[in-house]
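Work through the three exercises below with the coordinates open. Each solution goes step by step.

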Amino acid sequence: MSFLEKLQNQILIADGAMGTMLYSYGKDSCFEELNLSRSEQIQNIHKAYIDAGADIIQTNTYAANYLKLGRYGLEDSVKDINSAAVLNAKKAAENRAYVLGTLGGNRGIKPKSISIEEIKRSFREQLYCLLLEGVDGLLLETFYDLEELETVLTIARKETNLPIVAQVSLAEPGILQDRTPVNDALQRLEGLGADVVGLNCRLGPHHMLVALEQIELPKRAFLSAYPNASLPAYTDGKFHYDGDADYFRRSAAEFRKQGVRLLGGCCGTTPEHIRAFATELKNSAPITDKVVELKPKKIIVEDRPAKRDYAPLQDIVQERSSVIVELDPPRKLDTTKFFEGAKVLKEAGIDAITLADNSLAQVRISNESLGYLAKKELGMRPLIHISCRDRNIIGLQSHLMGLHTLGMHDVLAITGDPARVGDFPGASSVYDVSSFELIQMIKQLNEGLSFSGKDLGQKTAFSIAGAFNPNVRSVEKAVKRLEKKIAHGADYFISQPVFSEEKLLEVYEHTKHLKAPIYIGLMPLTSSKNAEFLHNEVPGIKIADSIRERMAALHDNPIQAAKEGVEITKGLIDAALDLFNGIYLITPFLRYELTAELALYARQRACELRGNSYVETTIY
């Protein structure tokens, strides 16, 4: 008799966490590889769950796919690991329990972090390995991304008639991270052929029961739940769970009441937790009727976006010439020169002062703090650069919510230079997301939803710039990245500095089809040494030989060299304004007098090009 037939009339108990048990024994590397090197230990854990009352166990293969094993250099061991896992589970079961082949989700909270094609290839390889070893069914678990789960479920259903359990993981009780109501999601999975649908991971019994209250009994499939033991604690460098097994026993009746027929455990659960469930519910009759009042979760988001103090830069630069200037936060605590420069640049009539986020991984004063002071005390528009390097997803969202609260809505999303190139080469680079994903997440904030899909109560009003590096061998490939960033939600672009008229024309020809405007980057050189350093050592910057020769001719005259750098940039401004409305001036070494002069020049030339008289007033 298959376990599906048993589920017709009784509740079955599944096993609990494998990783938690292995971690408690000090195994914190690749748990799936232990199917080969510690097979007896894996078998003993399976036996412990069966002895505790589990009717169904799962293979130790949650992350045994090409994508995840590659982190350990084990991508070529997919077949060996999955085959060994099934053999271990079968040997432990000895016909006392059913064996499900487990396949875990790959996409986490990062939207579209792995392409569907990659997921398909990786999934098929692992699926065939499990099917060849003769599992009793499949368990698709811990899927945050509904698109991924629907994709792999469709593949699995076409390849086998074995029972399939499909489980989603929730960022918030009742809804998936893409805002799909959980009841709708499980109905879709049932429609794609899943025999058991349900929830696992992320939530403990309390919040999982809250979610189950919103789930109707499936029409054909059965309902499952694998709650976590609790939230994990971190003590003395180790994660641990303090969930009480008796708490599981007391919650068992509620899981039955909500229609669950397959009940197991996820992170933090042990044989004691499973014994608690089995003591209360094993072989119990399931409920066959359940009334659910499906009240759509109301997202309380203001209809109008947050109030902005300035029109979006992408709108301004579409209508007229616009100049923005980067003024790096200082590396020391004295901000006198920075604010002197900011004031001068304001008087020059720039549209925004842009502040880098520890560029080149060198520690500077927080751009958020200086941006706020520039806005509050000088009335300037700050454009805040946000790097993916220094903050995880939690920190990035918190930072953005803080910017919104302070009224700073102009941001540049960048991946960021790796930590190893900066002041602290031993520091870690986070990179939870790339600039593409960060842009998409910021757009989601503009819809009033957090990165995980939670309701924020109101919408942010961020105007999002993307970075553009035209100093590459193939500008065409660089423009493909721009198109991808536009698809993710970028409103406009800010380029790395360009140092030749030929490059300006090349960029224009390759980008003129884009609807998103570009602020073309220009930076005055200060000396021959400065030019050589930028050309040879700074990623994304290349300087024409003719310009380096002009600067080299003045290597012994620093004052004249700086003037020459300004004149070169003025020539580039003339060429750029024939092609682009946006000029992005980068201030070298806090020498704001150079970029202030260039900002005034750019405004004057823009007026002349449009037949307007130049007036000495600020744009604000």
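The exercises below concern a predicted model.

**Exercise 1.** Place His385: which strand holds it, is it buried or exposed, and which residues does it contact?

Solution.
- Step 1. Find the element: His385 sits in strand 13, residues 382-387.
- Step 2. Apply the cut-off: buried means under 20% relative accessible area. His385 has 5% relative accessibility, so it counts as buried.
- Step 3. List contacts, leaving aside neighbours within four places in sequence. His385 touches Glu326, Thr354, Leu355, Ala356, Asp357, Asn367, Leu412 and Tyr584.

**Exercise 2.** Which residues touch the most other members of the largest nonpolar core?

Solution.
- Step 1. The largest nonpolar core has 94 residues. Leu400, Leu438, Ile494, Ile520 and Leu585 touch the most other members.
- Step 2. A second, separate core has 66 residues, including Ala17, Leu34, Leu149 and Ile215.
- Step 3. Take Leu400 and leave aside neighbours within four places in sequence. Its contacts are Ile386, Val411, Leu438, Ile442, Leu445, Phe451 and Phe462.

**Exercise 3.** What is the strand order of the open sheet of eight strands, and which strands stand at its edges?

Solution.
- Step 1. The order reads 1-10-7-6-5-4-3-2, with parallel pairing.
- Step 2. Strand 1 (12-13) and strand 2 (56-58) are at the edges. Each has a single partner strand, so one side of each lacks a neighbour in the sheet.
- Step 3. Look at one pair: strand 4 (residues 137-143) and strand 5 (residues 164-168) run parallel, joined by four bridges. Leu139 stands opposite Val165 in strand 5.
- Step 4. Add the helix: helix 8 (residues 146-159) lies across strand 4 and strand 5, at about 170° to strand 4.

Key:
Residues are numbered from 1 along each chain as its sequence is written. This is a predicted model: local features need pLDDT of at least 70, side-chain atom pairs count only at pLDDT 80 or more; totals for chains, interfaces and linings use all residues. Side-chain values use heavy atoms; hydrogens and water are left out. Helices (H or I, at least four residues) and strands (E, at least two) are DSSP runs, numbered from the N terminus. Buried means under 20% relative accessible area, exposed over 50%, partly exposed in between (1.4 Å probe, protein chains only). Contact means heavy atoms within 4.5 Å. A nonpolar core is a set of buried Ala, Val, Leu, Ile, Met, Phe, Trp, Tyr and Cys residues joined through side-chain atoms within 4.5 Å. Two strands pair if DSSP finds at least two bridges between them. Axes are lines fitted to C-alpha atoms, for helices over the stretch in contact, and angles run from 0 to 180 degrees between N-to-C directions.
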